[in-house]
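Colleague: I would like to go through this complex with you. May I put some short questions?

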Amino acid sequence: MNMPTPQFTQPLADVFYQLSLDERGISAEVVDEYVRSHPGYADELTDFAIALAIEELRGGREADVVEPVIDHARQSAMVSVAISRFHNRLYNAGHAGTLDKPAVPAQPAETANPFLPLDRAAFRQFVKQLDVSTAFACKLRDRLIDPFTIPRAFVVLVSKLLGVTPESLLAHFAGPMVIGATAQHYKADGKPSIGKSESFPDAVRNSGLTDAQQQRLLTL
Amino acid sequence: MARLLTKHRRDGSPYARPRSIEEAIDGALKEDIPGLAKRLKLEKGQTGYLPSECLVHLLRLGVGARNLDQIDAVLVVLTKRCEANLQAGMGDDRFPNAAEMQQEALDEFLMLFFEPEQEAKLDFFEIRFNQAFRALRIGVIRRHAPRPLMRSLTGVNGDAEASQSTSDDKPPDRALSVPAIQLDACNRSEILAAAEKLEPEVREALWLQHLGYEVESKDPGKRTIARIQAVSGRTVWKRIAQAVETLSPYFQDA
């Protein structure tokens, strides 16, 4: 057998992608071609080929799989979290300068804390429009509520009031807790302190909201 | 025309997007954001539908340019398509921690857009999205349920029969009747679930045969199941016979 010298010039992950994309499908013959090209990856390629074969049996050839029909009106928690993390990463990458120089205006304000531009009067107006207590609004502003537990309908509602996209607002909620980073100034009894984030239902119950306000928020 | 891809095939030739993807990208790039948003709501089969390969390209452009409007328009739809893919291919019928694995796969995919050393992998997703996403999905599955490399283990320990002549080994009768894993079997999921419960080396022998590997060969250059598993042909036949014994009730029902 004329085996070539082991080569690791390509990352294993790339070779997996190549094998998965191979138009001929998965077979011993195809796998062995890849093994001959990358003998150092023989074991990993064989394992991966088995996994591919199982996946094909489960779902048919991916090429034959119809693109999924998605619900544009509904967004799951998993998607919301993934999008929040994406925006956070985008925000961080922008600050770290790890992305290419932008061709459009630099980091838009809406991916930062969307409460930042609100002065005290504007923040009070926001509290009034949302019909919540100041303490509850501060928890939103300061990211003291677990973003995984915030209902999508509530995110949409707040994003409209703040004039940002729901995804940008979720990115804010998923960020680290902050205190007093905004232009608002409140007495101590209305300002939360840094601690463990609350779930949305707990925040609703523990922020001095009326029964009616709690009922409305908890049924969103 | 969309920028050229940088990834290469196994033989060194550069990858290129399928023509239909190139055309979809060219068309999408002419749209303003409202126009793009309209097209993103279309379903496959409708005129103007944007395939996932195209969405990956648009999102790469959006991230590179930090075009928030374009990112917001594309990101939600692409992420929802990934979610649907994961629910079909990584469901809780297979994995007790499916939700965690799905989130991990989704995050891993989306983070490719930000890792300078990883970003080029998105080329694969611009060529054949489903196949590339399948590779990513398998990577997550293997991290959560790693399969032991039996050939390595047996290679270290040695196989008492491995040094014996293999060419004269006769396969057990039952092994001769190994049915290919029947693609059209109505109880396919039951067969696959039962196969998962086989001993790792037995399961591996079964799957290698399914891939088309011969149990053994006189050709010293040929990769066979016996050589991959570093055991004798007789041992492989026994393993396959064991697999068939376990799975035979399902084949009979199929």
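Modeller: Certainly. A term comes first: a salt bridge is a side-chain nitrogen of Lys or Arg within 4 Å of a carboxyl oxygen of Asp or Glu. In this predicted model, Arg137(B) forms one with Glu55(A), and their closest N and O atoms are 3.0 Å apart.

Colleague: How many salt bridges are there between chain B and chain A?

Modeller: The count is ten. There are also 21 residue pairs in polar contact between the two chains, both residues being at pLDDT 80 or more.

Colleague: Which helix gives the largest share of the side of chain B that touches chain A?

Modeller: That is H4(B), with 13 residues.

Colleague: And how much area do the chains bury between them?

Modeller: About 7100 Å², of which 60% lies on carbon and sulfur atoms. Arg10(B), Arg66(B) and Phe114(B) supply 13% of the area that chain B buries against chain A, more than any other three residues.

Colleague: Let us turn to H3(B). Why does its length agree with what a helix should span?

Modeller: Helix H3 of chain B has 14 residues, so at 1.5 Å a residue it should span 20 Å, and its end C-alpha atoms are 20 Å apart. Twelve of the 14 residues are buried, among them Cys54(B), Leu58(B) and Val63(B). Arg66(B), which follows H3(B), has a positive phi, near 50 degrees.

Colleague: Where in chain B is confidence lowest, and where is it highest?

Modeller: The lowest is in helix H8 of chain B, at a mean of 41, and the highest is in helix H6 of chain B, at 97. Over residues 152-168 of chain B the pLDDT is below 50. The mean for chain B is 84.

How values were computed. Residues numbered from 1 in each chain as written. Chains lettered and ligands numbered in written order. Predicted model: local features only at pLDDT ≥ 70, side-chain atom pairs only at ≥ 80, totals over all residues. Heavy atoms only, no water. Helix = DSSP H or I, 4+ residues; strand = E, 2+ residues; numbered from the N terminus. Expected span 1.5 Å × (residues − 1). Buried < 20%, exposed > 50% of the residue type's maximum accessible area, 1.4 Å probe, protein only. pLDDT = per-residue confidence, 0-100. Contact = heavy atoms within 4.5 Å. Buried area = accessible area lost by both parts, 1.4 Å probe. Polar contact = N/O pair within 3.5 Å; in protein donor to acceptor, adjacent residues only side chain to side chain.
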